[in-house]
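Thank you all for coming; I would like to walk you slowly through one structure today, beginning with a single helix and then moving outwards to its surroundings. Please have the picture in front of you as I talk.

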Amino acid sequence: MPNARKIQNLYAYNTHVSFEVFPPKTNQGLKQIYQTIARLKGMSPDFFSVTYGAGGSTAEKSLDIASAITNLAQVTCVAHFTCAHLSRPQVLELLQSLEFHGINNVLALRGDPPQGQGTFVRPQDGFGYASELVAFIREHSKVGILVAGYPEGHMENPDKEDDFRHLVQKVEAGADGIVTQLFFDNRFLVEFKEKLDRAGVQVPLVAGIFPLSNLKQLDRIASMSKNYVPPRLKAGLEKWANDPESMEQFGTDYAIEQVQGLLDLGFRDFHFYTMNRYQQTRNILFALKDYFPRLKFD
Ligand SMILES: Cc1cc2nc3c(=O)[nH]c(=O)nc-3n(C[C@H](O)[C@H](O)[C@H](O)COP(=O)(O)OP(=O)(O)OC[C@H]3O[C@@H](n4cnc5c(N)ncnc54)[C@H](O)[C@@H]3O)c2cc1C
């Protein structure tokens with residue numbers, strides 16, 4: 001199997017880059033995502049990841065895209081795996097389906113409740129937290145397992161220390177690595193890494209990088225995940241409110257500076273939220289190509 005590599009083996013190397021894509025809503029979007037994947041694949045990333053809509057709303061499309069990445073593009077793929085809506089038998093079924101398609105890695109998540117449901121309710125015969133899902137997957141499957149980490153804390157939990165302890169639980173339950181929520185101020189990741197070190201957590205920490213290209217994205221992020229937005233970032237995007245090209249260039253430059261800063265501090269693993277677009281992520285990595293000798297730029 002071409003994609004039989006497991007996450008835990010990937011991290012034996014130096015710098016790593018992965019790309020996140022999401023299942024689009026429209027047929028036109030489907031065409032775009034496959035073009036994007038083909039172009040991103042040309043850069044030789046370590047893996048792709050494919051998101052899974054809240055409540056399983058994109059289950060079929062997510063599986064189709066993850067399977068195409070694995071079996072047609074022949075690149076390692078991590079399937080996001082949320083369990084907020086699933087019972088234990090359904091989790092097993094989904095796991096088997098992924099393995100049947102040769103998808104050997106998951107990002108194990110509790111997930112958010114489906115839109116309109118309000119607060120999260122543990123499903124019948126299901127899981128209340130991602131740590132329980134990780135333990136269950138470990139027990140029943142040999143797939144590689146990543147989990148989500150929140151450098152600024154998860155928005156549902158006002159107690160940041162308690163939230164951090166639950167992250168450690170996910171690793172103790174068997175996770176092979178942590179992919180972070182996006183952040184726009186590197187200080188959060190530095191402090192997060194220090195805490196992980198103090199807690200003796202040794203699995204790789206993968207920095208989630210979101211290259212901004214418009215103000216709408218920033219408003220959505222600020223309202224959904226409540227990330228801190230440095231005034232310099234907001235002001236820079238606002239300055240170019242009527243000039244989309246310059247606004248995207250500003251977002252690109254900001255991400256270059258952010259990744260460069262993290263590289264200089266010794267961080268080596270980066271996960272790009274591509275928003276199913278190619279050029280901006282490519283431009284960021286091209287500007288930093290000396291740090292990523294294994295990436296290819298035609
Ligand atoms: C990299 C990344 C990718 C993502 N991809 C997707 C996706 O594809 N689809 C999607 O729908 N969502 C996705 N999400 C969002 C994620 O599903 C939500 O943030 C969700 O609310 C939490 O999922 P989790 O796995 O982090 O949950 P958990 O780790 O279970 O944490 C959820 C909350 O419960 C608390 N908690 C955990 N364990 C305990 C415990 N034992 N006792 C009490 N409280 C506890 C935590 O502090 C936290 O507030 C992603 C997030 C990230 C960072």
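**One helix and its surroundings**

In this predicted model, the residues of helix H6 that are buried are Phe164, Leu167, Lys170 and Val171. If you look down the axis of H6, these buried residues fall within an arc of 105°, and therefore they line one face of the helix. On the face turned away from that buried side, H6 carries the exposed residues Glu161, Asp162 and Arg165.

What do the buried residues of H6 pack against? Their partners are H5, strand E5, which covers 144-149, and helix H7, which covers 186-198.

We can also check the length of H6: with 1.5 Å a residue, its 13 residues should span 18 Å, and because the end C-alpha atoms are 19 Å apart, the two values agree. After H6 comes Gly174, which has a positive phi, near 130°.

Let me turn now to the ligand, which has 23 residues around it, with Thr51, His80, Ala130, Ala148 and Asn157 coming nearest. Strand E3, strand E4, helix H5 and helix H6 each give two or more residues to this shell, and the largest share, three residues, comes from H6. By type, the shell divides into eight nonpolar, ten polar and five charged residues.

Finally, the largest nonpolar core has 73 residues, of which Cys77, Val106 and Ala108 touch the most other members, while H5 gives the largest share of this core, five residues. Leaving aside residues up to four places away in sequence, Val106 touches several residues, including Phe81, Leu98 and Ile137.

Notes: Residues are numbered from 1 along each chain as its sequence is written. This is a predicted model: local features need pLDDT of at least 70, side-chain atom pairs count only at pLDDT 80 or more; totals for chains, interfaces and linings use all residues. A residue is near a molecule or strand if its C-beta atom, placed from the backbone, lies within 6 Å of it. Helices (H or I, at least four residues) and strands (E, at least two) are DSSP runs, numbered from the N terminus. Ala, Val, Leu, Ile, Met, Phe, Trp, Tyr, Cys and Pro count as nonpolar, Asp, Glu, Lys and Arg as charged, and the others, Gly among them, as polar. A nonpolar core is a set of buried Ala, Val, Leu, Ile, Met, Phe, Trp, Tyr and Cys residues joined through C-beta atoms within 7 Å. A residue is buried if 20 or more other C-beta atoms lie within 10 Å of its own, exposed if 12 or fewer, and partly exposed in between; C-beta atoms are placed from the backbone. Two residues are in contact if their C-beta atoms, placed from the backbone, lie within 7 Å. The expected span of a helix is 1.5 Å times one less than its number of residues. The arc is that of the directions from the helix axis to the C-beta atoms.
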